[in-house]
Amino acid sequence: LRQAAAAAGLTSPKIMTVTLPAAEGSAVARGRDLKIRLFESVRAFANGEAEAIYLPGWTELALLPELKAETQAPLVDFFAVMRAHLAAAHPDVRTVGLLAGADEQARLAPGSALGPVAVCFSRTELGMASAPDAIRNAAADLRAQGAQVIVPAPGHAAAIRELQIAGLPVIDSAAVYAAGGLRPATARPKPFKIGIVGGVGP
């Protein structure tokens, strides 16, 4: 994110992060608690004059449509950024594989549209702490489904690195997402403020 900021001429951005604690209880209770904490964090960043708010995990990105509908926060829309990137950098790609676990897939499906590009999901279980073999197996499953490029969650740095090392066609979603939310620097009296909710982020 700092590299993307520097490329945009933002040499001293103020980056604020919030890691959402693990919720307890039933799946319904965990989902409700996550949503409440996510909304509170986004509103706090907006009230703190953040000019770009990133959601680095699939779980948080699944709630992006609701956040956009119910707040005026400057959320960076990962899927809009990725649609623009695919059109500019990969115009021939027709199928993209999202590297997401089964629980994340169910929540993501309604909001994961990438324009004319079809989206498929891994059929193997996957998490942010998955071992390299699990990441590669999930990627192989996506390729078997016809995915021409693979897109990990922007905050899943280990998966991005692993697939790059393996020589697989992976998009560096962290770098793309980071750059997509920053506008070129102009004369400004104070630092550009960036909020990241849900993890370390890009």
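Helices are DSSP runs of at least four residues, numbered from the N terminus. The structure described here is a predicted model. In this model, the run from residue 157 to residue 165 forms helix H8, and glutamate 162 is found in that helix.

Glutamate 162 has a relative accessibility of 13% and therefore counts as buried, the limit for that class being under 20%. When neighbours within four places in sequence are left aside, the residues in contact with glutamate 162 are Pro132, Ile135 and Arg136. With one of these, arginine 136, glutamate 162 forms a salt bridge, in which the closest N and O atoms are 2.6 Å apart. Arginine 136 belongs to helix H7 (residues 132-144) and glutamate 162 to helix H8, so this salt bridge ties together parts of the chain that are 26 residues apart in sequence. The two partners fall into separate accessibility classes: arginine 136, at 36% relative accessibility, counts as partly exposed, whereas glutamate 162, at 13%, counts as buried.

The structure holds 4 salt bridges, among them the pair just described. Another is made by the side chains of glutamate 66 and lysine 35, with an N to O distance of 2.9 Å. This pair links distant parts of the chain, as glutamate 66 is located in helix H4 (residues 64-70) and lysine 35 in helix H2 (residues 27-47), 31 residues apart. Glutamate 66 has a relative accessible area of 29% and is therefore partly exposed. Lysine 35 is likewise partly exposed, its relative accessible area being 31%.

A further salt bridge joins the side chains of aspartate 77 and lysine 68, at 2.7 Å from N to O. Here the acidic partner, aspartate 77, counts as buried because its relative accessibility is 17%. Lysine 68, by contrast, counts as partly exposed, with a relative accessibility of 43%.

Aromatic side chains were examined next. A search of the whole structure finds 5 aromatic pairs. In one of them, tryptophan 58 and phenylalanine 78 are arranged edge-to-face, with 5.6 Å from centre to centre and 80° between the planes. Tryptophan 58 lies in helix H3 (residues 58-61), while phenylalanine 78 lies in helix H5 (residues 78-89); the pair therefore ties together parts that are 20 residues apart in sequence. Both members of this pair are buried: tryptophan 58 has a relative accessibility of 3%, and phenylalanine 78 has a relative accessible area of 1%.

Tryptophan 58 also forms an aromatic pair with phenylalanine 79, and this pair is stacked, with a centre to centre distance of 6.4 Å and an angle of 20° between the planes. Because tryptophan 58 lies in helix H3 and phenylalanine 79 in helix H5, the stacked pair ties together parts that are 21 residues apart in sequence. Phenylalanine 79 is buried as well, with a relative accessible area of 4%.

These three aromatic residues are part of a wider grouping, since one aromatic cluster is formed by Tyr54, Trp58, Phe78, Phe79 and Tyr177.

Methods
Residues are numbered from 1 along each chain as its sequence is written. This is a predicted model: local features need pLDDT of at least 70, side-chain atom pairs count only at pLDDT 80 or more; totals for chains, interfaces and linings use all residues. Side-chain values use heavy atoms; hydrogens and water are left out. Helices (H or I, at least four residues) and strands (E, at least two) are DSSP runs, numbered from the N terminus. Buried means under 20% relative accessible area, exposed over 50%, partly exposed in between (1.4 Å probe, protein chains only). Contact means heavy atoms within 4.5 Å. Rings of Phe, Tyr and Trp (its six-membered ring) pair if their centres lie within 6.5 Å; planes under 30 degrees apart count as stacked, over 60 as edge-to-face and the rest as tilted.
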